[in-house]
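Dear colleague,

I am handing over the structure below, and my notes on what was found in it follow.

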Amino acid sequence: MGGTTPGSMPASSRTVDDEGVLIDDFLLVDAGRLRDAETRALFASGRHPSRNVDQNMADLKAQIASCTRGADELIRMTQEFGRPVVVAYIRHIQDNAEEAVRRAVAALKPSAFAYEMDDGAVIRVRIDVDPIQRSAVVDFTGTSEQRPTNFNAPLSITRAATLYVFRTLVDDAIPLNEGCLKPIELIVPKGSMLNPRYPAAVVAGNVETSQAVVDTLYGALGVLAASQGTMNNFTFGDDARQYYETIAGGSGAH
């Protein structure tokens, strides 16, 4: 939250500190009590703090409420069916997703692709397939080093884009879960634009580079023509009001 411009998506950020308050492992609720004063102090800290802490707190309270409801439902389900049954089904969901992705991977061939972005950076990927184990190594070695701009994608974003692509190879109506990535070994060099080092700026990595990663993987797999490959961010505001929207794109042949 915060940053050099309203909406927390500054186009000209060069470090993550330009993009707002960086939160790492902060205790939000302690023994059922929202740490309101401490959280407000956190949002107000840093070089470019939040502009509307009240709004941030309202958002957090809504998220806490939804998480609490989910936890209550999980407890209720466990009380009704028993812990062993619930745990068994959780494992089954992941095992089923893993098997579905392994079937899809078994039909793939080793491949590679390179995607050049507007600033000259290149995302490279090689996919090596083991048909016996029905597994794949997705290797982004050769991708450009982290950028001086904000088009760096944290490893979590690169991982999420990879998960998305391999989930789309599955025709079965399975819920998205960690099992989908069990057949995939992901290699992303540290210090590259897909696994940058602190304090690299990263806001465009989430909305732009993530789409380029998806297009790169689809190019290697040969299963989808690249489309718009962008999320088109629209943001404006002042100290009282902030607006940010991801418009997205599409129109690719597939």
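**Nonpolar surface patch**

Leu-74, Met-77, Phe-81, Val-85 and Tyr-89 make a nonpolar surface patch of about 480 Å² (patch residues have over 30% relative accessible area and no salt bridge, that is, no Lys or Arg side-chain nitrogen within 4 Å of an Asp or Glu carboxyl oxygen, and nonpolar side chains are joined within 5 Å; areas are Shrake-Rupley, 1.4 Å probe). Please keep in mind that this is a predicted model, in which local features need pLDDT of at least 70 and side-chain atom pairs count only at pLDDT 80 or more, while totals for chains, interfaces and linings use all residues. Residues are numbered from 1 along each chain as its sequence is written, and side-chain values use heavy atoms, leaving out hydrogens and water.

Helix H2 (53-81) and H3 each supply at least two residues of the patch, and H2 gives the most, with 3 residues (helices are DSSP runs of H or I, at least four residues, and strands runs of E, at least two, numbered from the N terminus). Leu-74 lies in helix H2 and counts as partly exposed because its relative accessibility is 43% (buried is under 20%, exposed over 50%, partly exposed in between).

**Nonpolar core**

The largest nonpolar core has 35 residues, and Val-105, Ile-123, Ile-127, Val-138, Phe-140, Leu-194 and Leu-217 touch the most other members (a core joins buried Ala, Val, Leu, Ile, Met, Phe, Trp, Tyr and Cys through side-chain atoms within 4.5 Å). Its largest share, 7 residues, comes from H5.

**Cysteines**

The count of disulfides (cysteine sulfur pairs within 2.5 Å) is 0; Cys-67 is exposed at 56% relative accessibility, whereas Cys-180 is buried at 1%.

Best regards

Key
Buried means under 20% relative accessible area, exposed over 50%, partly exposed in between (1.4 Å probe, protein chains only). Patches are made of residues with over 30% relative accessible area and no salt bridge: like charges are joined within 9 Å, nonpolar side chains (Val, Leu, Ile, Met, Phe, Trp, Tyr) within 5 Å.
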